[in-house]
Amino acid sequence: MEIDAWVWWLIGAAALGIGLVITAMPELGMLAVGAVAAAVVAGIFGGDAVIQVVAFVVISTALIAVVRPIANRHRAQRPQLATGIEALKGKQAVVLERVDASGGRIKLAGEVWSARALDTDRAYEVGQEVDVVDIEGATAIVM
């Protein structure tokens with residue numbers, strides 16, 4: 001008993017789909033879609049292997065050429081909602097105890113933080129507003 005070509009393409013698509021799940025490589029999913037397209041071509045147009053392979057190559061290449069750049073651009077974007085210490089950078093704080101290069105205290109986002117001045121020659125007095133430029137451990141670096 002001979003198996004039709006479209007069945008082989010579907011078996012190949014399933015194998016690529018399993019590979020996608022195991023390795024999380026999206027390119028395998030795009031190749032699987034190309035194999036499904038070749039199975040459709042084989043089922044509609046019959047046994048011409050050249051047309052099947054061309055359909056597989058064209059669909060797979062088109063998907064990789066279009067989807068990969070979009071996915072890479074999406075992956076490279078920073079999250080729009082900053083959380084944790086990233087959300088505190090750039091915020092303003094109020095000095096509670098004199099802040100200089102050796103330390104001090106500020107009120108940042110409703111909490112008391114230890115702080116030190118970014119510029120070692122600069123000191124900030126009680127009540128002054130400062131900008132948080134970085135967080136190192138539990139210490140805010142201010143200017």
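Which residue forms a salt bridge with Lys-89, with the closest N and O atoms 3.4 Å apart? In this predicted model, the partner at that distance is Asp-134. Lys-89 sits in the loop between helix 4 (85–88) and strand 1 (92–100), whereas Asp-134 belongs to strand 4 (residues 129–136), so the salt bridge ties together parts that are 45 residues apart in sequence.

Lys-89 has a further partner. Glu-86 also forms a salt bridge with Lys-89, and here the closest N and O atoms are 3.2 Å apart. Glu-86, Lys-89 and Asp-134 are thus linked in a network of salt bridges. As for solvent exposure, the cut-offs that matter are under 20% relative accessible area for buried and over 50% for exposed, with partly exposed in between. Glu-86 has 39% relative accessibility, so this residue counts as partly exposed. Lys-89, at 31%, counts as partly exposed, and Asp-134, at 26%, is also placed in the partly exposed class.

The wider layout gives these residues a setting. The protein is divided into domain 1, covering 5–76, and domain 2, covering 85–142. Taken over C-alpha atoms, the centres of the two domains are separated by 55 Å.

The structure holds six salt bridges in total. One of them joins the side chains of Glu-27 and Arg-68, with an N to O distance of 3.2 Å. This pair links distant parts of the chain: Glu-27 is in helix 2 (residues 26–45) and Arg-68 is in helix 3 (residues 49–76), 41 residues apart. Arg-68 has a relative accessibility of 38%, so it counts as partly exposed.

A last stop is strand 1, which contains Asp-100. What does the side chain of Asp-100 make a polar contact with? The partner is the side chain of Arg-98, at 3.0 Å. Leaving aside residues up to four places away in sequence, Asp-100 touches Arg-116, Ala-117, Arg-122 and Ala-123.

Two of the salt bridges described here connect separate elements of the chain. The Glu-27 and Arg-68 pair links helix 2 with helix 3, while the Lys-89 and Asp-134 pair ties the loop between helix 4 and strand 1 to strand 4.

Key: Residues numbered from 1 in each chain as written. Predicted model: local features only at pLDDT ≥ 70, side-chain atom pairs only at ≥ 80, totals over all residues. Heavy atoms only, no water. Salt bridge = Lys/Arg side-chain N within 4 Å of Asp/Glu carboxyl O. Helix = DSSP H or I, 4+ residues; strand = E, 2+ residues; numbered from the N terminus. Buried < 20%, exposed > 50% of the residue type's maximum accessible area, 1.4 Å probe, protein only. Domains from an automatic or database assignment. Polar contact = N/O pair within 3.5 Å; in protein donor to acceptor, adjacent residues only side chain to side chain. Contact = heavy atoms within 4.5 Å.
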